[in-house]
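Me: I am new to this structure and would like to know what stands behind the terms used for it. Please take them one at a time.

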Amino acid sequence: MFIKIHTEPVDRQQVKLYVIANFSEQRLTKDGVTIQFGLKRGTLRLRLQNGNIPIESIDTSQFINFQVDLIAGSENNISWVFKLKAKKSNVLKGLLKKTRLGTVFKDIQQLNTQDVNMDNNVICSVEATFEIVSITDICITEIEYEQPNLPKEVVAGLLNKNKKNKAVLEKKILKEDLIKKLFEPCILQAEFDV
């Protein structure tokens with residue numbers, strides 16, 4: 001998974017904020033077990049300093065391939081939850097090309113003297129965090145178990161046919177936090193002048 005925050009200045013009072021993301025499945029191999037997995041859900045949280053995004057101006061309908069719900073906190077602490085829109089896949093897949101999150105406006109009430117430079121501009125910053133809320137936000141899409149006595153195709157077929165065996169193996173993998181460690185919160189920061 002790849003995620004990036006992009007900014008474009010509009011004028012001295014505002015900046016357009018975009019998200020660029022690529023959701024895809026990942027593979028992990030440990031102790032002869034290969035696991036393919038992806039995200040069912042993830043939360044993008046924005047914290048703005050010296051700026052805000054008016055909540056009423058946010059349009060989530062532009063996220064065509066994903067269901068994206070806005071969690072209204074405050075105008076400088078906003079979250080979006082990305083989740084599956086249709087059951088074409090078990091996990092989030094696809095590319096977001098420069099999708100607008102909103103327009104950041106300079107917040108004069110929050111200004112401190114140390115934030116104002118010689119030109120009377122304000123340095124604004126955004127901290128974006130993408131995270132999973134619980135282990136149920138991860139979906140294992142395929143498990144391959146290599147065992148010397150059995151051909152790989154036979155074991156994979158048994159696991160796919162026997163849901164109980166697959167569920168036991170999934171719980172073991174998730175309990176050991178093999179996958180969760182790969183999804184530590186991703187923190188992105190950007191500073192910009194408005």
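**Terms and reasons**

Reply: Strands β2 and β9 run antiparallel and are joined by nine bridges. The model is a predicted one.

Me: Why are β2 and β9 called paired strands?

Reply: Pairing requires at least two bridges between the strands. Nine bridges join β2 to β9, so the pair meets the requirement of at least two. One bridge sets Gln-14 against Phe-105 in β9.

Me: Which sheet holds β2 and β9, and what makes a strand in it an edge strand?

Reply: The sheet is open, has four strands in the order β1-β2-β9-β6, and its pairing is antiparallel. An edge strand here pairs on one side only, as β1 and β6 (51-52) do.

Me: Why is the contact between Asp-137 and Arg-41 called a salt bridge?

Reply: The closest N and O atoms of Asp-137 and Arg-41 are 2.8 Å apart. The cut-off is 4 Å between a side-chain nitrogen of Lys or Arg and a carboxyl oxygen of Asp or Glu, so this pair qualifies. Asp-137 lies in the loop between β10 and β11, and Arg-41 in strand β5, so the salt bridge ties together parts that are 96 residues apart in sequence.

Me: How do you know whether Asp-137 and Arg-41 are buried or exposed?

Reply: Buried means under 20% relative accessible area, and partly exposed lies between that and over 50%. Asp-137 has 3%, so Asp-137 is buried. Arg-41 has 30%, so Arg-41 is partly exposed.

Me: What makes Glu-131 and Arg-45 a salt bridge, and where do the two residues lie?

Reply: Their closest N and O atoms are 2.4 Å apart, which is within the 4 Å limit. Glu-131 is in strand β10 and Arg-45 in strand β5, 86 residues apart. Glu-131 has 19% relative accessibility and therefore counts as buried. Arg-45, at 31%, counts as partly exposed.

Me: Why does the pair Lys-83 and Asp-69 count as a salt bridge, and how many salt bridges are there by this rule?

Reply: The closest N and O atoms of Lys-83 and Asp-69 are 2.8 Å apart, again within 4 Å. Lys-83 lies in strand β8 and Asp-69 in strand β7 (residues 67-74), so the pair ties together parts that are 14 residues apart in sequence. Lys-83 is partly exposed at 25%, and Asp-69 is partly exposed at 27%. By this rule the count is six salt bridges.

Me: What makes Val-91 a buried residue, and which residues does Val-91 contact?

Reply: Val-91 is found in the loop between β8 and β9. Its relative accessibility is 2%, so Val-91 falls under the 20% limit and counts as buried. Leaving aside neighbours within four places in sequence, its contacts are Glu-25, Gly-38, Leu-39, Leu-84, Cys-139 and Thr-141. Thr-141 is 50 residues from Val-91 along the chain, with 8.1 Å between their C-alpha atoms.

Me: Which residues touch the most other members of the largest nonpolar core, and which strands supply residues to this core?

Reply: The core has 34 residues, and Leu-44, Leu-46, Trp-80 and Phe-82 touch the most other members. Strands that each supply at least two residues include β1 (2-9), β5 (41-49), β8 (77-83) and β11 (138-145). Not counting residues up to four places away in sequence, Trp-80 touches ten residues by name, among them Leu-44, Leu-46, Ile-58, Val-68 and Leu-101.

Definitions and conventions. Residues are numbered from 1 along each chain as its sequence is written. This is a predicted model: local features need pLDDT of at least 70, side-chain atom pairs count only at pLDDT 80 or more; totals for chains, interfaces and linings use all residues. Side-chain values use heavy atoms; hydrogens and water are left out. A nonpolar core is a set of buried Ala, Val, Leu, Ile, Met, Phe, Trp, Tyr and Cys residues joined through side-chain atoms within 4.5 Å. Buried means under 20% relative accessible area, exposed over 50%, partly exposed in between (1.4 Å probe, protein chains only). Contact means heavy atoms within 4.5 Å.
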